[in-house]
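Biologist: I should be grateful for a close look at a single part of this model, namely the sheet and whatever packs against it. Please describe how the strands are arranged and connected, and then turn to the helices.

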Amino acid sequence: MNTIPDLPNINAEQLDMPDMDKLAQVGDMTHPPRILLLYGSLRERSFSRFLTYEAARILEHFGAEVKIFDPTELPMVGSVPDTHPKVAALRALFLWSEGQVWCSPERHGAITGVMKNQIDWVPLEQGALRPSQGRTLALMQVCGGSQSFNVVNTMRLLGRWMRMFTIPNQSSVPMAYKEFDEEGRMRPSAYYDRVVDVMEELFKITLLMRGRTDYLTNRYSERNERALRRIDAQIAKL
């Protein structure tokens, strides 16, 4: 293993030297940015669903292609095979997406089971693919009472665990029952303006990330581990 004098623990052959030229976009960038939106409630009058649709309208105006997953009849994780149509559809949407929006109500100080169930159905690895790695992510929550950030904070942790690039901005809508009209459209307010801010930032960051995620998520530790496995395999053949 080649080493670096001041960094003897590093395998020089597997160390990438960051360079602006390596950040050039790779692949087909002619299609609109692909954004998947998830919401965390099955209620008929679901404020998280209403907020998700408001976000989708903004993203479509910016030029994104959006798809919203309906969690109705999605089985509990582990209760059916991965081949279940609803599970397969959710996983396919993760692979299709370049960015995502997660929106959940707050229940007992945390995200809902409906929201967590969707995330839990998506593995960190699916064959040679990582369905969530490198996707951008925006977070929103609705509250029945005073404003809270428990849900967006929890989802931020989940997004990091799923190796997603979670944008700094986020939206929390308190007393959501006051913020939507009978048709489920959000009323003008500072909370609505924040949703616009969040979607604007998500769209910008998604544009920056497109065609660069493979490079940005290429890790030294994983390259080194693969190299060591190849060496072990060669030794085993001797």
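Modeller: The account below begins with the chain as a whole, proceeds to the sheet, and ends with the helices.

This is a predicted model, in which local features need pLDDT of at least 70 and side-chain atom pairs count only at pLDDT 80 or more, whereas totals for chains, interfaces and linings use all residues. Residues are numbered from 1 along each chain as its sequence is written, and side-chain values use heavy atoms, with hydrogens and water left out.

The chain contains seven helices and five strands; these are DSSP runs numbered from the N terminus, helices being H or I of at least four residues and strands E of at least two. In sequence order, the pattern reads β-α-β-α-β-α-β-α-β-α-α-α. The C-alpha trace spans about 70 × 40 × 35 Å along its principal axes.

The sheet is open, with five strands in the order S2-S1-S3-S4-S5 and parallel pairing, where two strands pair if DSSP finds at least two bridges between them. Its edge strands are S2 (65–69) and S5, each of which pairs on one side only. From one strand to the next the twist averages 15°.

At one edge, S1 and S2 run parallel and are joined by five bridges, with Leu38 opposite Phe69 in S2. Between these two strands the chain passes through H1 in a right-handed β-α-β crossover, meaning that, with the strands pointing away from the viewer, the path from the first strand over the helix to the second runs clockwise. Further across the sheet, seven bridges link S3 (residues 99–105) to S4 in parallel, and Val101 stands opposite Ala138 in S4. At the other edge, S4 (residues 136–142) and S5 (residues 165–173) are parallel and share six bridges; here Leu137 faces Thr166 in S5. The path from S4 to S5 leads through helix H4 (residues 150–161), and this β-α-β crossover is also right-handed.

Helix H1 lies across S1 (34–39), S2, S3, S4 and S5, at about 170° to S1; contact means heavy atoms within 4.5 Å, and axes are lines fitted to C-alpha atoms, for helices over the stretch in contact, with angles from 0 to 180 degrees between N-to-C directions. Helix H3 (residues 113–120) lies across S1, S2 and S3, at about 140° to S1.

H1 (residues 47–62) also packs against helix H5 (residues 190–209), at an angle of about 50° and with the axes 10 Å apart. H1 is therefore oblique to H5, since angles under 35 degrees count as roughly parallel, over 145 as roughly antiparallel, 65 to 115 as roughly perpendicular and the rest as oblique. Among the residues in this contact are Leu51, Ile58 and Phe62 of H1, and Val195, Met199 and Phe203 of H5.
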